[in-house]
Amino acid sequence: MHVDIVPVGEVNPGVKREASGGLRSVYDCNVTVHDQQAVPDDSFDESREQYRAEEFIDLAKRVGSGEKNLAITPKDLFYHRRNYVFGLAYLGGSGSVISTYRLRTSSDGGFSQRSAEEIFSDRVRKEVVHEVGHTVGLEHCDNKFCVMNFSPTVREVDQKEERLCGSCQREIL
Ligand SMILES: [Zn+2]
Ligand SMILES: [Zn+2]
């Protein structure tokens, strides 16, 4: 599988590196990083002051050269009625997106001794693995340590591990 990472807006090199590393560690895939793209003009919702996640997925699909194309953006995303999303993907689709905006926001509440930068990197890795997981056909998993567990807050992201549980792993073989 070839995954093309499509940076949308100003994405720092560390984020691209962590995202590539996370994907390679979990999936049997080649990862490339596309040229940076401008944030889609019409994705901004003025009343919410947030960006529509779907338009980032559409952009990744349009410009990406992979079988799977993952947009990464520092912009704050929302989807339908949810206040915000860390990422979005359609089951079995070719495009997905993650936002780093809220992954930096808070500490892990003393969950570990790691630095803020390490915690942030881990969150990025887990979120990219999670969204690409949806595109290879995985749904949310009840195992709270599985990377496919639904994690609406950073607390749950920090709790889960950067890997698929045994049953999710078997599903993609
Ligand atoms: Zn999900
Ligand atoms: Zn699982």
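**A buried cysteine, a five-stranded sheet and an enclosed helix**

Cys146 sits in the loop that links helix α3 to helix α4 (154–159). The structure described here is a predicted model, and this loop residue is a convenient place to enter it. Is Cys146 buried or exposed? It has 21 other C-beta atoms within 10 Å, and the threshold for burial is 20 or more, so Cys146 counts as buried. Setting aside neighbours within four places in sequence, the contacts of Cys146 include three further cysteines, namely Cys141, Cys165 and Cys168. Lys160 and Leu164 are also in contact with Cys146. Gly166, 20 residues away from Cys146 in sequence, lies 8.8 Å from it in space, C-alpha to C-alpha.

Helix α3, which comes before this loop, covers residues 116–135. Its 20 residues span 29 Å from the first C-alpha to the last, close to the 28 Å expected at 1.5 Å a residue. Of these 20 residues, 16 are buried, so α3 is largely enclosed by the rest of the structure. After the helix comes Gly137, which has a positive phi, near 105 degrees.

Stepping back to the whole protein chain, five helices and nine strands are found. Their order along the sequence is β-α-β-β-β-α-β-β-β-β-β-α-α-α. The C-alpha atoms occupy a box of roughly 40 × 35 × 30 Å along the principal axes. For 173 residues, a compact globule would have a radius of gyration near 16 Å, and the 15 Å of the protein chain agrees with this. Buried residues make up 42% of the 173. Among contacts between residues at least 6 apart in sequence, 66% join residues at least 24 apart.

Five of the strands build an open sheet with mixed pairing, in the order β2-β1-β5-β9-β8. The edges belong to β2 (30–33) and β8, each of which has a single partner strand, so one side of each is left without a neighbour in the sheet. On average, and ignoring direction, neighbouring strands of this sheet are turned by 20 degrees against each other. At the β2 edge, strand β1 (residues 2–7) runs parallel to β2, joined to it by four bridges. Within this pair, Asp4 has Thr32 of β2 as its bridge partner.

Strand β9 (residues 95–99) deserves a closer look. Which way do its side chains point? Gly95, Val97 and Ser99 point one way, whereas Ser96 and Ile98 point the other way. Five of the five residues are buried, so β9 is largely enclosed by the rest of the structure. Strand β5 (residues 68–73) runs parallel to β9 and is joined to it by five bridges, with Leu70 standing opposite Ser96. Strand β8 (residues 87–89) pairs with β9 in the antiparallel sense, over three bridges. Here Gly87 has Ile98 of β9 as its bridge partner. The two strands β8 and β9 form a hairpin with five residues between them, and Gly92 in the turn shows a positive phi of about 75 degrees. Lying across β1, β5, β8 and β9 is helix α2 (residues 53–63), which runs at about 125 degrees to β9.

How values were computed: Residues are numbered from 1 along each chain as its sequence is written. Chains are lettered from A and ligands numbered from 1 in the order in which they are written. This is a predicted model: local features need pLDDT of at least 70, side-chain atom pairs count only at pLDDT 80 or more; totals for chains, interfaces and linings use all residues. A residue is buried if 20 or more other C-beta atoms lie within 10 Å of its own, exposed if 12 or fewer, and partly exposed in between; C-beta atoms are placed from the backbone. Two strands pair if DSSP finds at least two bridges between them. The radius of gyration is taken over C-alpha atoms; the globule rule is 2.2 Å times the number of residues to the power 0.38. Two residues are in contact if their C-beta atoms, placed from the backbone, lie within 7 Å. The expected span of a helix is 1.5 Å times one less than its number of residues. Axes are lines fitted to C-alpha atoms, for helices over the stretch in contact, and angles run from 0 to 180 degrees between N-to-C directions.
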